[in-house]
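Trainee: Please take a close look at the interior of this model, and describe how its packed parts and its empty spaces relate to one another. I would value a connected account rather than a list.

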Amino acid sequence: MHTQLIGTIAIVLYLAAAGMLAIRLAGATRIPSILGRQGVLTMGLIAALLHAGALYPLIVSPSGINLGFFNAASLIGLLTALLLVIASLNRPLENLGLVILPFAALTIALMFAYPNESSLQIRGGWQLELHVVLSLVAYSLLGMAAVQSVLLAIQDHKLKTRHPGGLIRALPPLQLMESLLFQMISVGFATLTLALLTGIFFLEDIFAQHLVHKTVLSIVAWGVFAVLLWGRWKFGWRGRTALRWTLGGFLFLLLAYFGSKFVLELILAA
């Protein structure tokens, strides 16, 4: 009950912060100070800390780390929201919270609605824990990049059609938005590379039957982002090209982790 109360407060704060962003993006002329950038980031940080407090006892147990489908989704939501708040301290990224913060709130609700105590417990030393952490951070960073790419595509379309609304006026210049996108992709790609390397060195067999689909799809995603970064460096890829490659790479990453977990845990009840 105590955990659910903390989680409920986190949901409310996530949605309140997203609501603040929506009011700002609507182009309100007079905005109270609490709805300003610092107010949104502060509320988002408090929500993330409460989210962590609600999630911890459900994931960490004496028998290992319980990363069932909805627990894992909630952990991804937490990491993405937390990374967003941290990155927004010195980068104009807070508007991504319009999508990311409600997503984080949804993952908490699903975690409580569909508890999965029978899911496989992950046991291992610090090597395995490092691999899991790097994988989740890479997923969160590249997920943020996917949201950023969609926002960038909308901004580019609105500017080309000369219909800038409140959303476009509230966003940084197009060139800065594009630069931020590739910064996120670069850091996410580097983290994904480390995650794959730790898997190769620390896991007994990353191509074992229960891991082969995750490994192959993760390597494909890595290849997609590698090509995107090369294309950006060599040919200056941007706009719709960057959007397609970013979303394509993230889709493979999504299937690598949640696709298999969805089939095994929710469809086959393995």
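Mentor: A residue counts as buried when its relative accessible area is under 20%. On that criterion, 44% of the 270 residues of the chain are buried. The model is a predicted one, and the account below should be read accordingly.

Consider the framework before the interior itself. The chain contains 9 helices and 3 strands. Read from the N terminus, these elements follow the order α-α-β-β-α-α-β-α-α-α-α-α. Among contacts with a separation of 6 or more, 76% join residues that stand 24 or more positions apart. The accessible surface of the chain amounts to about 13,900 Å², and carbon and sulfur atoms account for 70% of this surface.

The packed part is best approached through the largest nonpolar core, which comprises 65 residues. Tyr 14, Leu 101, Ile 185 and Phe 258 have the most contacts inside this core. At least two core residues come from each of helix H1 (2–25), helix H2 (37–59), H3, H4, H5, helix H7 (174–202), helix H8 (212–235) and H9. The greatest contribution is that of H5, at 11 residues.

Leu 101 shows how one of these core residues is surrounded. With neighbours within four places in sequence set aside, Leu 101 contacts Tyr 14, Ala 17, Ala 18, Leu 21, Ala 81 and Leu 84. Tyr 14 is thus a partner of Leu 101, and Tyr 14 is itself listed among the core residues with the most contacts.

Two residues whose contacts link separate parts of the chain deserve a similar look. Thr 246 belongs to helix H9, and its relative accessible area of 0% is why Thr 246 is classed as buried. Apart from residues up to four places away in sequence, Thr 246 touches Ala 145, Ala 146, Ser 149, Ile 185, Phe 225 and Leu 228. One of these partners, Ile 185, has already appeared among the core residues with the most contacts. Another partner, Ser 149, lies in helix H5; its relative accessibility is 2%, so Ser 149 also counts as buried. Excluding neighbours within four places in sequence, the contacts of Ser 149 are Leu 181, Leu 243, Thr 246 and Leu 247. The C-alpha atoms of Ser 149 and Trp 245 stand 9.7 Å apart, although 96 residues separate the two in sequence.

The empty spaces may now be placed beside this packing. A search of the whole structure yields 2 cavities of 30 Å³ or more. The largest cavity holds about 60 Å³ of space. Its lining consists of Leu 21, Val 40, Leu 41, Gly 44, Leu 84, Val 85, Ser 88, Glu 94, Gly 97 and Leu 101. Two or more of these lining residues come from each of H2, H3 and H4, and H2 gives the most, with 3 residues. By class, the lining has 6 nonpolar, 3 polar and 1 charged residues. Here packing and void share residues: Leu 101 lines this cavity and is among the core residues with the most contacts. Leu 21 and Leu 84, both partners of Leu 101, line the cavity as well.

The second largest cavity encloses about 30 Å³. Asn 66, Gly 68, Phe 69, Phe 70, Asn 71, Met 111, Tyr 114, Pro 115 and Asn 116 form its lining, to which H3 makes the largest contribution, 3 residues. This lining divides into 5 nonpolar and 4 polar residues, with no charged ones. Phe 112, in helix H4, has its C-alpha atom 8.6 Å from that of Phe 70, 42 residues away along the chain. Leaving out neighbours within four places in sequence, Phe 112 contacts Thr 3, Gln 4, Gly 7, Ala 54 and Leu 58.

A further space is the second largest pocket, with a volume of about 370 Å³. Its lining is made up of 20 residues, of which Ile 76, Phe 103, Tyr 139, Phe 250 and Leu 254 are the closest to the centre. Helix H3 (69–87), helix H4 (97–113), helix H5 (126–160) and helix H9 (239–267) each provide at least two lining residues. The lining has 16 nonpolar and 4 polar residues and no charged ones. These four helices, H3, H4, H5 and H9, are also among the contributors to the largest nonpolar core.

Definitions and conventions
Residues numbered from 1 in each chain as written. Predicted model: local features only at pLDDT ≥ 70, side-chain atom pairs only at ≥ 80, totals over all residues. Heavy atoms only, no water. 1 Å grid on protein atoms, 1.4 Å probe; cavity = no way out; pocket = protein on both sides within 12 Å on 5 of 7 lines; lining within 4 Å. Points joined across faces, edges and corners; volume = space filled by probe spheres on them. Nonpolar A, V, L, I, M, F, W, Y, C, P; charged D, E, K, R; others polar. Core = buried A, V, L, I, M, F, W, Y, C linked by side-chain atoms within 4.5 Å. Buried < 20%, exposed > 50% of the residue type's maximum accessible area, 1.4 Å probe, protein only. Contact = heavy atoms within 4.5 Å. Areas by Shrake-Rupley, 256 points an atom, 1.4 Å probe, with all protein chains shown as cover.
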